[in-house]
Amino acid sequence: PHAQPNAFATGRDPEHAVVCVTSGLLKVMGREELEGVIAHELAHIKNRDMLLQTLTATMAGAISSLASIAQWGMLLGGRSSDEEGGNPLAALAMIIVAPLAAMLIQFAISRQREFKADAVGAEIAGRPHGLANALRRLDAYAKQVPMDVSPAVAPLAMVNPLAGARGITSLFSTHPSTEERVARLVGA
């Protein structure tokens, strides 16, 4: 139960998946919009996006862990890069850049999966306008009705429950802009 209208799908595979909606979603969406939202979430299940997101998160975590191990090796006085003919500044850059790059790739994949789920969801529902209207309304409510969730679970939601990212911060968003999603749905 939550006032912010939102939805998400989860599960390890299509046979063990579930679509969840907030009570706020059921209160504010019309039938065609609700069909669009549910179809979008079913598309995530059909496309096995939960598995893909798990794999990308695991890879990003592994890269971050390797960078952390490298950092501890440098700090604890392991063989220096100078002794091996390496560049300590390059090693330091990798410690910082590798986890950031992994995270940006993970977010980019997440944004592309949202576009794909929108397209497949429109096919499932049989009409893109219900989903497009739902996205507009969900985005507006996400900005008005805060949802106290961890940023780690924000990628699960239909629209970013932590809405408001613009400019360079949109690189760190797990969701593409609602305007771009709607434009792709209605062919504008």
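This is a chat between a learner and a teacher about reading a predicted protein model.

Biologist: Where do I start? What does the secondary structure come to?

Modeller: Keep in mind that we're looking at a predicted model. The protein has six helices and two strands. Going along the sequence, the pattern is β-β-α-α-α-α-α-α.

Biologist: And how much of the protein is buried?

Modeller: Of the 188 residues, 34% are buried. You can also ask how far along the chain the contacts reach. Taking contacts between residues at least 6 apart in sequence, 66% join residues at least 24 apart.

Biologist: Okay, salt bridges next. How many are there in the whole structure?

Modeller: A search finds 10. The general idea is a side-chain nitrogen of Lys or Arg within 4 Å of a carboxyl oxygen of Asp or Glu. Try Asp 139 and Lys 143, whose side chains meet at 3.0 Å, N to O. They are about one helical turn apart, because they sit four residues from each other in helix α5. Asp 139 counts as buried at 13% relative accessibility, while Lys 143 is partly exposed at 44%.

Biologist: Which residue does Glu 32 pair with?

Modeller: Arg 127, with the closest N and O atoms 3.5 Å apart. That pair links distant parts of the chain: Glu 32 is in helix α2 and Arg 127 is in the loop between α4 and α5, 95 residues apart. Glu 32 is partly exposed at 36% relative accessibility, and Arg 127 is partly exposed too, at 33%. There's a network here as well, with salt bridges linking Arg 31, Glu 32, Glu 35 and Arg 127.

Biologist: What about Glu 114 and Arg 181: are they buried or exposed?

Modeller: Glu 114 is buried, at 2% relative accessibility, and Arg 181 is buried, at 1%. Their side chains form a salt bridge of 3.3 Å, N to O. This one joins helix α4 to helix α6, across 67 residues of chain.

Biologist: How do I read the packing of those two helices, α4 and α6?

Modeller: Look at the angle and the distance between the axes. Here the angle is about 35 degrees and the axes are 10 Å apart. The crossing is right-handed. On the α4 side, Gln 112, Glu 114, Phe 115, Asp 118 and Ala 122 take part, and they meet Glu 180, Arg 181, Arg 184 and Leu 185 of α6.

Biologist: Which side chain of opposite charge is nearest to Glu 41?

Modeller: Arg 181 again, but at 6.8 Å, and Glu 41 has no salt bridge even though it is buried. Glu 41 belongs to helix α2. Its side chain reaches the backbone nitrogen of Ala 9 at 3.1 Å. Beyond its sequence neighbours, Glu 41 touches Ala 7, Phe 8, Ala 9, Val 19 and Met 158.

Biologist: Where is Thr 22, and what does its side chain reach?

Modeller: Thr 22 lies in the loop between β2 and α1, and its side chain reaches the backbone oxygen of Gln 4 at 2.7 Å. Thr 22 counts as buried because its relative accessibility is 13%, below the 20% cut-off. Its contacts farther along the chain include His 2, Pro 5 and Met 147. The C-alpha atoms of Thr 22 and Pro 5 are separated by 5.7 Å.

Biologist: Last one: which residues does Ala 17 touch?

Modeller: Setting aside residues up to four places away, Ala 17 touches Thr 10, Gly 11 and Ile 45. Ala 17 is in strand β2 and is partly exposed, at 27%.

Note on methods
Residues numbered from 1 in each chain as written. Predicted model: local features only at pLDDT ≥ 70, side-chain atom pairs only at ≥ 80, totals over all residues. Heavy atoms only, no water. Buried < 20%, exposed > 50% of the residue type's maximum accessible area, 1.4 Å probe, protein only. Lys, Arg positive; Asp, Glu negative; His and termini not counted. Polar contact = N/O pair within 3.5 Å; in protein donor to acceptor, adjacent residues only side chain to side chain. Contact = heavy atoms within 4.5 Å. Axes fitted to C-alpha atoms, helices over the stretch in contact; angles between N-to-C directions. Left-handed = near helix turned anticlockwise from the far one by under 90°.
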